[in-house]
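Reader: I'm new to this one. Could you walk me through it in plain words, one question at a time?

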Amino acid sequence: MMPICDIKRSDSSNLDNVVELLTLGGRSLPHVMMMLVPEAWQNNPEMREEKRAFYDYYSSVMEPWDGPASISFTDGDIVGATLDRNGLRPSRYCVLNDDTVIMSSEAGSLIVDESKVITKGRLQPGKLFVADLKNGKIISDEELKDDICSRKPYGRWLKENKLTLTDIARPRTKSKVPYSGEELLQNQIAFGFTREDLTEILKPMADAGKEPLGSMGADTPLAILSTQAQHLANYFKQLFAQVSNPPIDPIREAVIMSLYTNLGPQRNILAETPEHCRQIHLDSPVLSNGQLDKIKKLDDDSFKSYVINATFSATNRLGALERAVDEICANAERATLMGCNILIISNKDISESDAPIPSLLAVGAIHTALTKKGLRAKTSIVVEGGDVIETHHFATLIGFGANAINPYLAGDTIRSEFTGELESGKVTIKSLLKHYNKAISGGLLKIFSKMGISTVQSYQGAKIFEALGISKTVVKKCFKGVVSRIEGMTFDDIAKEAIIKHQRAFENWNSDKHLYVGGYYQWKRKGEAHLFNPTTIHLLQKSSKNNDFETYKKYATAINDQSKRHITLRSLLEFNFGDSIPLEEVESKEKIMTRFATGAMSFGSISYEAHSLLAVAMNRIGGKSNSGEGGEDEERFIRKKNGDWERSAIKQVASGRFGVTSNYLTNADELQIKVAQGAKPGEGGQLPGHKVDDWIGRTRHSTPGVGLISPPPHHDIYSIEDLAQLIYDLKNANRKARINVKLVSEAGVGTIASGVAKAKGDVVMISGYDGGTGASPLSSIRHAGLPWEVGLTETHQTLVINNLRSRITVQTDGQLRTGKDIAIAALLGAEEWGVATAALIVEGCIMMRKCHLNTCPVGIATQNEELRALFSGNPDHVVNFFNFLAEDLREIMAKLGVRTVNEMIGKTEFLKVDENINHWKLENIDLSALLYKPAESDSVDVYKVREQEHDIFEILDRKLIEAAQPALINGTPVKAEFDTINTDRSVGAMLSNEVSKVYGGSGLPDGTIHYKLNGSCGNSFGVFTAKGILFEIEGEANDYFGKGLSGGKLVIYPPKISSIVPHENMIIGNVAFYGATSGKAFINGLAGERFCVRNSGVTAVVEGIGDHGAEYMTGGKMVVLGETGRNFGAGMSGGYAFIWDVNKNFIKNFNPELSDIDPLSKEDKIELKSLIEEHYEETKSTIARNILENWDLQLRNFKKVMPRDYKRVLAEKLEKSKAKIVV
């Protein structure tokens, strides 16, 4: 029977096994589903106490199965389904009058007689839908859960058994006083603190309560390559969600996030007793010294703690650390068998003879050992760690098994750093530590959410990391199951790094000792090595400015020669030169330069001058510049008289969808879907209001002065099927453009890239973790993602093995600087390359790493007009640089004996490991995985040789275009009627592309093309619909209705033969009007989750919506003539909404973080009435008619949601206009 869960099985298979086990144990199927996939209960004050108690009780029994899921189940008597807590999977159902029930991911999957339909609905987040086949009825979620939650007195059990830290009395004996002075400094040195940790990490977190930000990516050594002694956590890279499991916004969707955790044993999951919840509840896994003291000295028969001394002999003897690890594991096992159910791993008791075992090593080893013995559920692991400073340290500890963490030395350091402020009374130590804990907690939520995980319980012990530089022997004992592709540090190597720090702290101690400077986040003369340093920056700028190839070669040598201090994995490789050929036989640099692209930097993150200059330079050489996610001014689509072109060949489509219109997509050679960004994968972004001037506001279709938020996920990519839909949307929107999908290097990226190829992507970009960024949390820059070398080789190998490589181009980017970098990228599998940071340096960047502050002194990363005036970039310099790269590559090709780039792709036999590597840390590195070459076959190509076969020929839009010829040719109005089914996807995109090609962004006059469609519309109906097109639908629609609407008009109402009440039934799906920029829509019925997410300018009237309505909305208007779901207006910074709150429920569903509920002005009332009148005119809505017939009475039930920032900007504009009138 064992194991119930097996890593070799799929998630679905393991879930199925657990469901079967629990039902065989006596629980009903709905009960089991509530246990495994609970609602988001922790932050829901409206939830009934009985239900809350049920979920709280079972949080002590089992962690939730997290992530997007629509799960169906049956035992023969009932059939049902449930949805994940965040509603990330679509599930639509309809009930007929003959008792037929149909549920599917899409409406219209089965054709039904609409006259027989009595209900159309959707499965809601965390809800159950059950059909009782035995009794012939549908049981509602409320009825079902009320019954289950009332069967046992869960609330009483919790009250009698569960403790909180406030329930525990303070110990009578005082804790040890905090470290200070020389004792503090000695401990800081022993645990590896640097001056930079204090100034760049701890002080900002304690001061502001937020994770500090940085910019311009990473160009320092990987931990395994650094000559500085490293924190063990630095050898682990965070994994993150890409495509198959969307990341979550932990700030705007905080209602589904939770840091709740418990201490104490877990009991038999097949039983249900009061003792199951006999645990200590923690609001957060971060413990203060006082809280840990309470736990250590708790006098309670149910809880017994045991402190494990995690130190080892600092004698430099071989095997000392591994023996100490074995000993603490044995101690943990003995203590657990003796009934100790809280193990406290402490490396606090260091001395001249005893060095600390890294907390992460100790936790991983004990967690692994107890799991192997079947004892892990009987106890909790708490860490008292001197080496716990930043968010990543906490995340790795939790991810490898810790339940809670006390960063005692970080707390003492904060106390010391704020000595003056504490003595003056400006701050208190309580407030400083509260801020620090808040920053760590927020950072943890962000790290969990990158993986699509919403609770700390689901993250704990999940090991969602890849080891980069840890030997498999260490992994097997301490981090079992983690991928470690390049081997690396042994136990003795880890011991050596610990002892280096320990000896510096304890040998020949004197008052002149000091912390190392660090120098990771900013170049320091005595700090960590940086590839871009004053010397290399000077050489690069001088060479490109003077068009001096010899100076460029000096620059390239300075970058490439890392023999003394290795920085990148590729620095460990050298070329395996064979028979050379004359340089003139190598393909021309002009051909090579067409393979270059610049990185995706948005207009907004950098100035117009810097952004447009890159476009001009790349267009001159036949390469491609990338717009980034900030849209592009339509004036740049037109060539200048001198032949230069500021148009970016690559238009990016990112999660914010800023400026993504039909015309924007039409004016591109390539459309790039940014699934993730190297410097901050799994995260969104934010452009502060002070950077959004009139120009940027117009380009992004937003309000100047109002901040803009990019969500972490694409809200139309929750699965590989969704990605295929977006690829299809974009291909329809521009048939001539290549569709590029940008991924970030991590374990498993090859499988995702294969999915991209199968989803008909034309290009896949593999980005390295070290890519530049305008702003990112420092922990993300350093710890998330992998080098491109690792992800690129996995991608190329996987595509070749699956015979997919021939139909997709592979690109890579991430701090590519020289011809050697380009050559290695080609030999590892990439035929195209992105260069961003180096190009910015050529423009004048001096790597101040302050891009996020709008203070760039050279006018690149700023919108400040005075600073922009200092910009001195020249497109000739950029052209010179790319000429150098191409010529550098040609010289290498000649030495290798290859004539074309295509001959290089995937030819790893031209690479070998540098034989002169002699640093002790590098002795056990194994790069064979990078250099592996799949067996070649004549039938398998290793680079792209054929085009994807996009299914865009026999589609409905072709008929729409044919009927629209009079309008397209001379603007003559046309009207026609068509039938549609749910396999007609992306309807309107290709037609809109034709409109945009002829009429540009202005489109046609409203209603010029008027089509009526009958039936069930497929996904992405009306996507990017251009101005002048009106779609009238009699029927229903699925997800992404009106996505990217670009000035068109959509009207939808139920079939006239249907007897359903429209405002009580579903008519469109989730994520309607995502990223829409302009137009109108009238929906006679209910919409699903995330209605008008990231709406920039559409006016929409609807009769009820699901959760997260108006999320990230930056413009436009909404009228909701019915109920809203939870979390309405989260991240809403612009536009406004009118809510008909007749049942007085709206206030509990409203997110007040950025918006207010305002009374309606006289102008509001006029506008609202006009919109409802138009809604009635278009749909004949009964609810609209009733409101209009009782207007004066119903007007009292309307509320206006108005973002505060937007309100402020409008008020400032009004004052300015008044001032002009006075003048």
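Author: What follows is a set of questions and answers about this model, which is predicted.

Reader: Let's start inside. Between which domains does the largest nonpolar core lie?

Author: That core has 223 residues, and those with the most contacts inside it include Phe-236, Phe-596 and Trp-833. Two domains both give residues to this core, so it lies between them: domain 2 (182-211 + 229-506) and domain 3 (534-938).

Reader: Which helix gives the largest share of this core?

Author: The core counts 223 residues. Of these, 12 come from one helix, and that is the largest share: helix H31 (residues 875-896).

Reader: You mentioned Trp-833. Which residues is it in contact with, leaving aside neighbours within four places in sequence?

Author: Trp-833 is among the residues with the most contacts inside the largest core. Its partners beyond those sequence neighbours include Arg-595, Thr-812, Leu-816, Leu-889 and Val-901, and also Phe-596. Another residue on the list of those with the most contacts inside the core is Phe-596.

Reader: How many residues are in the second, separate core?

Author: This core includes Val-987, Ala-1037, Ile-1068 and Ala-1137. Its count is 55 residues.

Reader: Now for the empty spaces. What is the volume of the largest cavity?

Author: The structure holds 19 cavities of 30 Å³ or more. The largest cavity has a volume of about 160 Å³.

Reader: And which helix gives the largest share of its lining?

Author: There are 14 lining residues, and among the closest to the centre of the largest cavity are Gln-230, Asp-387 and Lys-501. By kind, the lining divides into nine nonpolar, two polar and three charged residues. Four residues, the largest share, come from helix H17 (residues 491-506).

Reader: Why is helix H3 said to be largely enclosed by the rest of the structure, and what covers its buried residues?

Author: Nine of the 11 residues of helix H3 (residues 49-59) are buried, so the rest of the structure largely encloses this helix. Among those buried are Lys-51, Arg-52 and Asp-56, along with Phe-54 and Tyr-57. The cover includes helix H2 (29-36), helix H4 (141-149), helix H5 (154-161), strand E11 (261-263) and helix H15 (456-459).

Reader: Is Ser-627 buried or exposed?

Author: Ser-627 sits in the loop between strand E23 (624-626) and strand E24 (650-653). Leaving aside neighbours within four places in sequence, Ser-627 is in contact with residues including Met-601, His-611, Glu-632 and Tyr-664. With a relative accessible area of 0%, Ser-627 is buried.

Reader: What is phi of Lys-760, and what is phi of Cys-1092?

Author: Most residues other than glycine have a negative phi. Lys-760, in the loop between helix H25 (749-758) and strand E29 (763-767), is partly exposed at 21% relative accessible area, while Cys-1092, in the loop between strand E38 (1078-1083) and strand E39 (1099-1102), is buried at 0%. Both have a positive value. Phi is near 80 degrees for Lys-760 and near 65 degrees for Cys-1092.

Reader: One last stop. Which residues does Lys-524 touch, not counting those up to four places away in sequence?

Author: Lys-524 lies in the loop between H17 and helix H18 (534-546). Its relative accessible area is 36%, so Lys-524 counts as partly exposed. Beyond its sequence neighbours, Lys-524 touches Val-517 and Gly-519.

Definitions and conventions. Residues are numbered from 1 along each chain as its sequence is written. This is a predicted model: local features need pLDDT of at least 70, side-chain atom pairs count only at pLDDT 80 or more; totals for chains, interfaces and linings use all residues. Side-chain values use heavy atoms; hydrogens and water are left out. A nonpolar core is a set of buried Ala, Val, Leu, Ile, Met, Phe, Trp, Tyr and Cys residues joined through side-chain atoms within 4.5 Å. Buried means under 20% relative accessible area, exposed over 50%, partly exposed in between (1.4 Å probe, protein chains only). Helices (H or I, at least four residues) and strands (E, at least two) are DSSP runs, numbered from the N terminus. Domain bounds come from an automatic or database domain assignment. Contact means heavy atoms within 4.5 Å. On a 1 Å grid over the protein atoms alone, a cavity is a set of points where a 1.4 Å probe fits but cannot get out, and a pocket is an open set with protein on both sides within 12 Å along at least five of seven lines; lining residues have an atom within 4 Å of a point. Grid points are joined across faces, edges and corners, and a volume is the space filled by probe spheres set on the points. Ala, Val, Leu, Ile, Met, Phe, Trp, Tyr, Cys and Pro count as nonpolar, Asp, Glu, Lys and Arg as charged, and the others, Gly among them, as polar.
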